[in-house]
Amino acid sequence: MTTLDGLPEPERERWVEALVAAGGSQCGFCTPGIVMRLAALSSTLAPSGPAVTPERIDRALVAHLCRCTGWQTVREAALAALAGVASAGEDRKPDRDLDQAACRAGLEGGVAQQVGPAVVLGRAGFADDTCPPDALVAVPDGKGGYAVAESVVAARTLAGKVQGRSSSLALDHPVSLPSGPWALTLRTGWVEPAYVEPDASWCAPGGTAASPCANGGAFGGKLHSPVMADARRLADEHRRPVRVLWSREDVVRLGPKRPPVAGGIDPDGSGVLRVGVPSDGVSEDRWRQVVGAVAVAAPGLDLVPVPLSGPPITFDLRASVWAEAAVLAAGARVVGRPGVGPRVDVPIEVSSPSGGRAVARCRPDGSIDVGVDAGSVLDAVVLRSYCIGASHQALGWVRSEGIAVDDRGAVRDLTVRSFGIVQARAMPQVTVTVLPGSDGPAVNGSDAVFAAVAAARWLADGLPPEWPTDRGGAGRR
């Protein structure tokens with residue numbers, strides 16, 4: 001078995017340079033595995049071998065998940081790196097200020113994030129990579145506690161959990177529409193954030209627990225992860241360092257989800273958006289923040305909280321609630337016009353509560369044009385990468401993503417393939433430009449892109465009243 005560290009140094013350096021230059025790695029957790037998969041394609045560059053094409057790269061990526069980049073920059077980096085086999089020695093090191101790039105990444109991701117070769121090499125300092133070798137291992141036991149043992153294998157054996165799979169349950173839309181005749185309605189269901197690095201932490205007795213957000217914030221999904229507090233408590237209890245490790249299934253079962261919503265709106269922009277909230281309610285301060293964000297995106301919408309039983313709900317995930325409101329408002333601006341149906345080439349503009357602005361349109365061939373104003377660009381490569389990644393998430397959100405939740409509120413779709421995430425081979429081309437006037441203070445831009453692309457895709461699909469609109473095929477074609 002060969003890992004990234006086992007590649008010849010010139011080949012490894014070529015992949016590092018290509019991915020950094022293209023913005024093909026953000027958090028970096030998935031990158032070493034992707035590099036090894038794609039490096040195997042270099043043998044096809046032999047004179048007798050077939051050409052390495054974008055299509056062949058996309059087929060190779062089917063076995064992987066990169067939730068950050070939206071695949072396009074990974075593909076671009078792969079084409080550059082594989083072409084470099086025939087032009088060894090060419091200097092492709094990017095002439096960039098990587099500190100400024102890291103500042104842009106932090107704005108887009110919401111937490112501090114590195115940019116550079118260490119990220120591509122898998123050396124971004126993830127929580128579990130920094131723990132002492134003699135630490136105990138704690139994994140969820142499926143009963144609300146942890147199984148603690150000397151090794152990962154022993155802890156998982158002690159937990160005795162049976163691996164879950166995907167289900168045949170239909171996707172649910174748990175929030176009912178507000179009463180009244182509406183010109184336009186929308187309902188969303190349960191969606192898995194699907195960040196790739198599972199929640200993890202470790203702590204020594206009496207110490208400070210390692211953050212699960214060491215190089216990226218999982219789109220907000222880890223901001224209130226319990227693993228730090230669990231690691232500290234278990235370390236104090238056992239009087240030894242303890243690693244807390246969640247598996248992929250643990251993240252799906254225990255991790256927070258975007259709130260499902262159901263809303264109705266009229267052409268004048270007035271309407272009601274009913275929002276799923278935790279069954280034990282939401283604090284007044286947090287709800288006030290949600291209402292304030294929605295007032296920026298869709299000032300005519302009234303918000304109504306709806307307590308839901310089911311997976312945990314968070315408002316921390318990318319553009320939660322205000323993006324749904326912005327999408328409804330964008331639909332309302334066209335729903336009163338004659339001949340409303342599937343519409344392409346219609347520019348949709350969205351402004352975010354952070355001050356970012358985006359304009360998106362879906363072309364007849366399915367490609368997407370995005371314009372973004374995020375203030376001072378700081379680093380165009382990182383900004384572009386985040387905007388493409390946000391476009392990828394928006395397309396999946398509208399067309400294909402969802403997870404089944406049973407009558408007891410338990411998630412039943414537990415495999416990555418069951419989430420409906422758009423695969424590399426189904427991802428359309430995204431063109432990103434910086435809008436004129438983008439010279440103010442630097443702000444997040446990708447959240448506005450996420451909302452604008454979702455609205456543009458919904459309009460191009462004909463404004464169907466429930467998402468996902470094409471669960472059967474949009475993510476896999």
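Start by selecting glycine 445, which is buried, with a relative accessible area of 0%. The model on screen is predicted. Glycine 445 sits in the loop between strand E12 (430–434) and helix H13 (446–460). Leaving aside residues up to four places away in sequence, show what glycine 445 touches: Arg104, Glu108, Val372 and Ala374. For a reference point across the chain, add glutamine 26, which is 419 residues from glycine 445 in sequence. The C-alpha atoms of glycine 445 and glutamine 26 are 16 Å apart.

**Helix H5**

Select helix H5, residues 98–109, and pick out glycine 106 within that helix. Is glycine 106 buried or exposed? Its relative accessibility is 19%, and the limit for buried is under 20%, so glycine 106 counts as buried. Now add glycine 216, and draw the C-alpha to C-alpha line from glycine 106: the length is 7.9 Å. Along the sequence, glycine 106 and glycine 216 are 110 residues apart.

**The segment after H13**

Go to the segment that follows helix H13 (446–460) and select proline 468. The peptide bond leading from tryptophan 467 into proline 468 is cis, with omega near 0 degrees. In the segment after H13, select leucine 463 as well. Leucine 463 is a residue other than glycine with a positive phi, near 60 degrees. Leucine 463 is buried, at a relative accessible area of 9%.

Keep tryptophan 467 selected and add Trp397, Phe450 and Trp458. Ring pairs link Trp397, Phe450, Trp458 and Trp467 into a cluster. At tryptophan 397, also show arginine 258, which lies over the face of the ring at 4.6 Å from the ring centre.

**Helices H4 and H12**

Show helix H4 (residues 72–83) together with helix H12 (residues 380–399). Their axes are 9 Å apart, and the packing angle is about 125 degrees. Angles of 65 to 115 degrees count as roughly perpendicular and those over 145 as roughly antiparallel; H4 and H12 are therefore oblique to each other. Which residues meet here? On the H4 side they are Gln72, Thr73 and Glu76, and on the H12 side Arg384, Ser385 and Ile388. By type, the residues of this contact comprise one nonpolar, three polar and two charged.

Next select tryptophan 71, in the loop between helix H3 (54–61) and H4. Phi of tryptophan 71 is near 80 degrees, again a positive value in a residue other than glycine. Tryptophan 71 is buried, with a relative accessible area of 1%.

**Aromatic pairs**

How many aromatic pairs does a search of the whole structure find? The search finds five. A pair of aromatic rings is described by the distance of the centres and the angle of the planes.

Select phenylalanine 29 and phenylalanine 126. Their ring centres are 5.2 Å apart and their planes stand at 85 degrees, so the pair is edge-to-face. Phenylalanine 29 belongs to the loop between helix H1 (9–22) and helix H2 (31–39). Phenylalanine 126 belongs to the loop between helix H6 (117–120) and strand E1 (136–140). The pair links distant parts of the chain, 97 residues apart. With a surface displayed, compare the two partners: phenylalanine 29 is partly exposed, at a relative accessible area of 33%, whereas phenylalanine 126 counts as buried, at 4%.

Move on to tryptophan 287 and phenylalanine 315, an edge-to-face pair with 6.2 Å from centre to centre and 65 degrees between the planes. Tryptophan 287 is in helix H10 (residues 284–297), and phenylalanine 315 is in the loop between strand E8 (301–308) and helix H11 (322–335), so the pair ties together parts that are 28 residues apart in sequence. Tryptophan 287 is buried, with a relative accessible area of 14%. Phenylalanine 315 also counts as buried, at 10%.

**Last stop: helix H10**

Stay on helix H10 and select glycine 292. At 37% relative accessibility, glycine 292 counts as partly exposed. Finish by adding alanine 358, which is 66 residues from glycine 292 in sequence. In space, the C-alpha atoms of glycine 292 and alanine 358 are 19 Å apart.

Terms used
Residues are numbered from 1 along each chain as its sequence is written. This is a predicted model: local features need pLDDT of at least 70, side-chain atom pairs count only at pLDDT 80 or more; totals for chains, interfaces and linings use all residues. Side-chain values use heavy atoms; hydrogens and water are left out. Rings of Phe, Tyr and Trp (its six-membered ring) pair if their centres lie within 6.5 Å; planes under 30 degrees apart count as stacked, over 60 as edge-to-face and the rest as tilted. Helices (H or I, at least four residues) and strands (E, at least two) are DSSP runs, numbered from the N terminus. Buried means under 20% relative accessible area, exposed over 50%, partly exposed in between (1.4 Å probe, protein chains only). A charge sits over a ring if NZ of Lys or CZ of Arg is within 6 Å of the ring centre and within 35 degrees of the ring normal. Axes are lines fitted to C-alpha atoms, for helices over the stretch in contact, and angles run from 0 to 180 degrees between N-to-C directions. Angles under 35 degrees count as roughly parallel, over 145 as roughly antiparallel, 65 to 115 as roughly perpendicular and the rest as oblique. Contact means heavy atoms within 4.5 Å. Ala, Val, Leu, Ile, Met, Phe, Trp, Tyr, Cys and Pro count as nonpolar, Asp, Glu, Lys and Arg as charged, and the others, Gly among them, as polar.
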